[in-house]
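Let's take a friendly walk through this structure together, starting with the whole chain and ending with single residues. Have your viewer ready.

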Amino acid sequence: MTWLPLLGTLLGAVIALGSAVLVERRRERREDRAERRKVKREAYARYLAAHAEARMHLRVLSVAADLTDTERGYRAFTAHAGCYAARYELAVLAPQSVLSLARDFDRCARDLRDLVIAQVQPQGGEQMREYLDAMRLVQEAMRADLGADEDGLR
């Protein structure tokens with residue numbers, strides 16, 4: 001009996017098994033990247049939505065004349081409280097390029113909250129421009145992290 005056909009069969013099996021394992025690993029990596037991108041996209045959306053909701057509540061509070069100082073302060077802190085959970089979620093998922101801008105954005109949001117508590121109108125002021133600039137920068141960093149401008153979020 002010759003060993004050549006047996007050796008050829010064995011080599012073919014090793015090559016087939018190796019390529020199947022390689023293809024499976026590549027598929028798993030691709031699925032993992034897609035899942036990570038999806039989780040980040042959802043976290044970024046929650047973060048921006050929490051800030052949008054807080055901004056809307058603060059805007060309403062800034063024009064409400066019938067509130068006591070204590071009630072205005074309580075409502076302003078409550079309106080901004082929803083932003084904290086989303087920020088902590090970012091701390092786990094987002095790269096440093098997004099986190100540093102998110103910290104700046106959160107600081108600007110807290111400044112606006114404090115202006116509303118002090119009954120100062122922030123709409124046309126320097127703080128509002130700083131807030132809007134910080135929001136734009138964090139949105140751009142999030143889009144860049146997701147690759148949204150490259151190919152429509154793949």
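Of the 154 residues of the chain, what percentage count as buried? The answer is 29%. Please keep in mind along the way that this is a predicted model.

Let's stay with the whole chain for a moment. The chain holds five helices and zero strands, so read from the N terminus, its elements follow the pattern α-α-α-α-α. Now look at the overall dimensions. Along the principal axes, the C-alpha atoms occupy a box of roughly 100 × 25 × 20 Å. The radius of gyration makes a useful companion to that box: the chain has 26 Å, while a compact globule of 154 residues would have a value near 15 Å. As for the surface, about 10,100 Å² is exposed, and carbon and sulfur atoms supply 60% of that area. Contacts along the chain can be sorted by sequence separation, too. Taking those between residues at least 6 apart in sequence, 71% join residues at least 24 apart.

Next, let's turn to a pair of helices. Two packed helices are described by the angle between their axes and the distance between the axes. Here the pair is helix H2, covering residues 69-93, and helix H3, covering residues 96-117; their axes come within 10 Å and cross at roughly 175°. Angles over 145 degrees count as roughly antiparallel, and H2 and H3 are therefore roughly antiparallel to each other.

Which residues meet there? On the H2 side you will find Arg72, Gly73, Ala76, Phe77, His80, Tyr84, Arg87, Leu90 and Ala91. Facing them from H3 are Leu99, Ala102, Arg103, Asp106, Ala109, Arg110, Arg113, Val116 and Ile117. By character, the residues of this contact comprise 10 nonpolar, two polar and six charged.

With the helix pair in view, pick out Cys83, which sits in helix H2. Is Cys83 buried or exposed? Its relative accessibility is 1%, and because buried means under 20%, Cys83 counts as buried. Leaving aside residues up to four places away in sequence, Cys83 touches Ala50, His51 and Ala54. You can also trace a line from Cys83 to Asp106: the two are 23 residues apart in sequence, with 8.1 Å between their C-alpha atoms.

Moving on to helix H3, we come to Arg107. Arg107 has a relative accessible area of 35%, so this residue is partly exposed. Arg107 and Ala134 are separated by 27 residues in sequence and by 9.3 Å from C-alpha to C-alpha.

Our last stop is Lys38 in helix H1, which spans residues 4-63. Lys38 is partly exposed as well, with a relative accessible area of 38%. How far apart in space are Lys38 and Thr70, C-alpha to C-alpha? They lie 41 Å apart, with a sequence separation of 32 residues.

Methods: Residues numbered from 1 in each chain as written. Predicted model: local features only at pLDDT ≥ 70, side-chain atom pairs only at ≥ 80, totals over all residues. Heavy atoms only, no water. Axes fitted to C-alpha atoms, helices over the stretch in contact; angles between N-to-C directions. Helix = DSSP H or I, 4+ residues; strand = E, 2+ residues; numbered from the N terminus. Parallel < 35°, antiparallel > 145°, perpendicular 65-115°, else oblique. Contact = heavy atoms within 4.5 Å. Nonpolar A, V, L, I, M, F, W, Y, C, P; charged D, E, K, R; others polar. Rg over C-alpha atoms; globule rule 2.2 N^0.38 Å. Buried < 20%, exposed > 50% of the residue type's maximum accessible area, 1.4 Å probe, protein only. Areas by Shrake-Rupley, 256 points an atom, 1.4 Å probe, with all protein chains shown as cover.
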